[in-house]
Amino acid sequence: MSTTPLGAQDADHLRLLSIFHYVVAGITALFSLFPLIHLVMGLAIVTGHLPMESEQGNEPFDPRLFGWFFVAFAGAFIAGGLTLAGFMAYAGRCLAQRRRHVLCMVVAGISCCFMPFGTVLGVFTLIVLVRPAVKAAFGAAPVTPA
């Protein structure tokens, strides 16, 4: 933690942003688990518990391939969402501890892609993190104009 004094308003903003990062991380994790039904359905197709047969009897494709598409896309979506949720929670912790300024900026930028909560959180986080006093509190080098 830096020894640079931080104004009460900036400290309150960082505290609130930290809390909201935890909340949005939880929401993101919850929504990233929605494709579990697709994952289960894909696994059922692959293992044969959900038989898929064509009406004509001659199948132009292997139904297991269709199941693997379900598994792959659902798995990728779940893994990506949970990873983002983990980074959001970690960024919330870093905001509270005033560490890893660049990581917090990157996570805030990526959060802007997830509307509406991530966009609001990301924009407000970026606004707070570019303030010179907040940068100094993180120990980040101030940017000097050329």
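A133 touches L6 and D10 when residues up to four places away in sequence are not counted, a contact being defined as heavy atoms within 4.5 Å. A133 and L6 are 127 residues apart in sequence, yet their C-alpha atoms are 6.4 Å apart in space. A133 is placed in helix α6, residues 132-138, and is partly exposed, with a relative accessible area of 33%. Here buried means under 20% relative accessible area, exposed means over 50%, and partly exposed lies in between, with a 1.4 Å probe and protein chains only.

The model is predicted, so that local features need pLDDT of at least 70 and side-chain atom pairs count only at pLDDT 80 or more, whereas totals for chains, interfaces and linings use all residues. Residues are numbered from 1 along each chain as its sequence is written, and side-chain values use heavy atoms, with hydrogens and water left out.

The protein chain has 6 helices and 0 strands, and along the sequence it follows the pattern α-α-α-α-α-α; helices (H or I, at least four residues) and strands (E, at least two) are DSSP runs, numbered from the N terminus. Of the 146 residues in the protein chain, 30% are buried. Among contacts between residues at least 6 apart in sequence, 68% join residues at least 24 apart. The accessible surface of the protein chain comes to about 9,100 Å², of which 73% belongs to carbon and sulfur atoms, as calculated by the Shrake-Rupley method with a 1.4 Å probe.

Two helix pairs involve α5. Helix α1 (residues 8-32) and helix α5 (residues 117-129) pack at an angle of about 155°, with their axes 10 Å apart, which makes α1 roughly antiparallel to α5, a term for angles over 145 degrees. Axes are lines fitted to C-alpha atoms, for helices over the stretch in contact, and angles run from 0 to 180 degrees between N-to-C directions. The crossing of α1 and α5 is left-handed, meaning that the near helix is turned anticlockwise from the far one by less than a right angle. On the α1 side the contact is made by H13, L14, L17, F20, H21, V24 and I27, and on the α5 side by F117, G118, L121, F124, T125, V128 and L129. By class, this contact has 10 nonpolar, 4 polar and no charged residues, where Ala, Val, Leu, Ile, Met, Phe, Trp, Tyr, Cys and Pro count as nonpolar, Asp, Glu, Lys and Arg as charged, and the others, Gly among them, as polar.

The axes of helix α4 (residues 101-111) and α5 come within 7 Å and cross at roughly 145°, again in a left-handed crossing. H101, C104, M105, A108, G109 and S111 in α4 meet G118, T119, G122, T125, L126 and L129 in α5, and by class this contact has 5 nonpolar, 7 polar and no charged residues.

T28, in helix α1, touches G81, L84, A85 and M88, not counting residues up to four places away in sequence. Its accessibility is listed with that of two loop residues.

| Residue | Place | Relative accessible area |
|---|---|---|
| T28 | helix α1 | 15%, buried |
| R98 | loop between α3 (63-97) and α4 | 16%, buried |
| R100 | loop between α3 and α4 | 44%, partly exposed |

Most residues other than glycine have a negative phi, and most peptide bonds are trans. R98 has a positive phi of about 55° although it is not a glycine, and the phi of R100 is near 55°, also positive. The peptide bond from M115 to P116 is cis, with omega near -5°, and P116 lies in the loop between α4 and α5.

Terms used
Angles under 35 degrees count as roughly parallel, over 145 as roughly antiparallel, 65 to 115 as roughly perpendicular and the rest as oblique.
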